[in-house]
Amino acid sequence: MRTKEDIRRGIWKLLVERKVARFPGAEGRIPNFIGAEACARVLAETSIWKSAKVLKANPDSPQRAIRQRALAERKIVYMAVPRLRSDKPFIELDPKRLKCSPYVASSIKGADKFGRPVSLEEVRKIDLIVCGSVAANRSGARVGKGGGYSDLEFALLTEEKKIAPGTPIVTSVHPLQIIEEEIPMTGHDIPLTAIVTPREMIESKMSYRRPRGILWEILPPEKINDIPVLKARKER
């Protein structure tokens with residue numbers, strides 16, 4: 001079985017070679033890809049999207065069209081503060097309060113300028129989670145860019161009961177990012193409900209359990225100290 005880092009590097013290289021990666025590039029990030037906007041249209045036709053009123057979404061470029069569509073449809077969107085380095089670790093984008101267009105608010109800069117920083121307690125119950133991935137497979141496993149922040153965000157919101165056991169978790173990717181091989185998954189990794197491509201939504205086999213909260217034993221002390229909400233919980 002390949003390591004996650006080997007999988008990442010393979011996918012980044014493949015997207016560049018096949019000329020489907022776009023600005024700001026592939027390597028070292030959740031890769032933006034040709035067809036990302038079509039993923040938003042595919043997702044918008046699904047029942048999980050239509051029933052969702054509150055989303056938690058990653059801030060990366062390939063998922064911007066999904067964030068924009070959500071705001072245009074008057075859905076509330078939560079984005080995490082970069083590296084969770086605030087005692088109010090999420091930004092709330094509420095279309096009723098925004099003083100800018102959904103397009104502007106869906107960007108990182110726009111969210112930071114026009115969104116409202118909120119504490120964990122202020123976050124509303126999440127109906128749908130959209131996460132970015134470098135790679136994913138049909139068993140529900142995914143590979144992120146390696147920082148582990150999506151997993152931490154999920155753990156924090158789960159402990160606050162903002163995410164229910166059945167809350168859908170989807171990722172949008174280029175078809176080249178879907179791999180057939182096994183992906184190593186640990187106890188803190190979040191599994192996928194479905195994968196969205198520019199042409200279809202693929203439901204996963206849900207072969208993995210969801211994390212029930214923060215796994216303190218695997219967190220390095222320096223990471224805890226760098227994240228105010230983790231540091232406060234550890235001290236309690």
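A cavity, as the word is used here, is a set of grid points where a 1.4 Å probe fits but cannot get out. With that in hand, a search through the whole of this predicted model turns up one cavity of 30 Å³ or more. There is also a pocket to look at, with a volume of about 760 Å³ for the largest one, plus two helix pairs worth a visit. Helix H7 (residues 149-159) is a handy landmark, since H7 gives the largest share of the lining of the largest cavity and also the largest share of the lining of the largest pocket.

**The cavity**

- The largest cavity comes in at a volume of about 30 Å³.
- Its lining is made up of Lys56, Ile129, Ser150, Glu153, Phe154, Leu157, Ile163 and Ile190.
- Helix H7 supplies four residues of that lining.
- Sorted by class, the cavity lining has five nonpolar residues, one polar and two charged.

**The pocket**

- The largest pocket, at about 760 Å³, is lined by 31 residues, and the closest to its centre are Lys145, Gly147, Gly148, Tyr149 and Ser150.
- Ser150 turns up again here, as one of the residues that line the largest cavity.
- Helix H1 (4-17), strand E2 (76-80), helix H6 (108-114), strand E7 (142-143) and H7 each chip in at least two residues of the pocket lining.
- H7 gives four residues to the pocket, the largest share.
- The pocket lining is a mix: 12 nonpolar, nine polar and 10 charged residues.

**Helices H2 and H4**

- Helix H2 (residues 36-44) packs against helix H4 (residues 64-72) at an angle of about 45°, and their axes are 7 Å apart.
- That angle makes H2 oblique to H4.
- The two helices cross in a right-handed way.
- On the H2 side the contact uses Ala36, Glu37, Ala40, Arg41, Leu43 and Ala44, while H4 brings Ala65, Ile66 and Arg69.
- Six of these contact residues are nonpolar and three are charged, with no polar ones.

**Helices H7 and H9**

- H7 also packs with helix H9 (residues 228-235), this time at an angle of about 50° and with axes 12 Å apart.
- H7 and H9 are therefore oblique to each other.
- Here the crossing is left-handed.
- Leu152, Leu156 and Glu159 from H7 meet Val229, Leu230 and Arg233 from H9.
- That contact splits into four nonpolar and two charged residues, with no polar ones.

Methods. Residues numbered from 1 in each chain as written. Predicted model: local features only at pLDDT ≥ 70, side-chain atom pairs only at ≥ 80, totals over all residues. Heavy atoms only, no water. Axes fitted to C-alpha atoms, helices over the stretch in contact; angles between N-to-C directions. Parallel < 35°, antiparallel > 145°, perpendicular 65-115°, else oblique. Left-handed = near helix turned anticlockwise from the far one by under 90°. Contact = heavy atoms within 4.5 Å. Nonpolar A, V, L, I, M, F, W, Y, C, P; charged D, E, K, R; others polar. 1 Å grid on protein atoms, 1.4 Å probe; cavity = no way out; pocket = protein on both sides within 12 Å on 5 of 7 lines; lining within 4 Å. Points joined across faces, edges and corners; volume = space filled by probe spheres on them.
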